[in-house]
Amino acid sequence: MERRFFDLWVDVYVPGRWYLAEPATSSGEEIEDPWMFSAGRPVADPGPLRIPIFKPGKPLDIEFAGVGNTPVVNEQIASVFREMAPNDVQLFPVEVEGQADPYYILNVTREIRCIDDAACEEVQYFTQDDVRSDLAGQYRSVIGLRIDTSKVAEARVFRLWGYYHPIIVDVGIKEALERTGISGGRFVEVTGPKAVATGGNLLPETHKNPELLRQVESARKAAFRNLGEPSEESITPIVPHGDAWPSARQAWRIIRRPAGRTLCVSDGLSDPFHGSTEPSCGYGLELAIETDEPVPDDGGWTLLLLRRVSDEVAQHEHLSKALLEGVLSMEVPGKDMPEPLVTRDGRVGVLLGVEATTLPISFPTPAGDVRLVTVKALLPKELAFLLERGKVELLRRLAESGEPHLSRSWRKPVV
């Protein structure tokens, strides 16, 4: 009988959950490599570590902390791995801010090359033309993950070669963890027949709190109408892959505004989480990119850029958390983007959260306020300046230019 394995990853649907920041030394200094506990290899004992609270809330049994998604577990969860997979993991005691109970960093020490490309719904790879050319041949994205169990041997817990995100556990460990009542982690099977696409969009009737979903949607539509004339229907992908979106529904809208301006907005990052009946407004934000250049009905390059940024934010929890606090920078693939925006490495840089005097900072919904986060397309010179000098000086120069949040494909750089 074929062994069964599951992807253990973050459960963002826990209402009122806490969020943990990057591990630090006992003196508060950042660790040298924030990804060291996600690489699938043994590490030397790092010595005493502590983890600050990024956002207070309900303590979880397992959390993936900071930009490196460091697995942090309580004693109950640690004991399962300690007893059932001692050859596959390391457990390092760590002090979690404000917690008297023991916690541990869980480091998975095995990495196995076993993704079954043909059985997955879709795989995308890094190439030599990417900004991270050193990752060429590894996985940029995997949708509908499936693994080849014939390559796993005796391992019970491992990470995947070329795709660091999930921790893979066998069915025995999954069931043992579930018996503890684990909070903060969710399981998705990665063995068995190829997943059947469901369209990626949940109907309201399948949502655990459909009435709240309708109320939040209604409030969001009203907020968009206050910004201009929104498209009647939202734009959804032909091949959806929105499992990371709060209601598993990817959508965007085009809003025509005065003076020939067009605003493209995400339409679903603030949906209530479909796996919970508790009130929430998803990630608490929606993204918006505004331009005064002509925009076709399909949204053109502005919507294409917004879609890529939206998916990055949805798939990486730490980004949505950080965007509620301030301005972030990001790079996304530059394929089919205007040539003046694309770097030599084939990427486009953006700033998220630049202040806009002509747009509201947030809008209300029955589940709470939703922040409207601007997306500013950067020219290659501006991106290089940002990487060398930091965002503070670039933001100052953008502010001096007039309307710093406005995106254009043809303009003079501010540096």
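**View 1. Tyr 103 and its ring partner Trp 18.** Tyr 103 has a relative accessible area of 7% and is therefore buried (under 20% relative accessible area, with exposed meaning over 50% and partly exposed in between; 1.4 Å probe, protein chains only). Trp 18 is likewise classed as buried, at 2% relative accessibility. This is a predicted model in which local features need pLDDT of at least 70, side-chain atom pairs count only at pLDDT 80 or more, and totals for chains, interfaces and linings use all residues. Residues are numbered from 1 along each chain as its sequence is written, and side-chain values use heavy atoms, with hydrogens and water left out.

**View 2. Tilted pairing of Tyr 125 with Tyr 139.** Rings of Phe, Tyr and Trp (its six-membered ring) pair if their centres lie within 6.5 Å; planes under 30 degrees apart count as stacked, over 60 as edge-to-face and the rest as tilted. The ring centres of Tyr 125 and Tyr 139 are 5.3 Å apart and the planes meet at 40°, so the pair is tilted. Tyr 125 is partly exposed, at 36% relative accessible area, whereas Tyr 139 is buried at 10%. Ring pairs join Tyr 125, Tyr 139 and Tyr 163 into a cluster.

**View 3. Charged side chains over aromatic rings.** A charge sits over a ring if NZ of Lys or CZ of Arg is within 6 Å of the ring centre and within 35 degrees of the ring normal. The charged end of Arg 82 lies over the ring of Tyr 104, 5.4 Å from its centre. Over the ring of Phe 187 sits the charged end of Lys 174, 5.8 Å from the ring centre.
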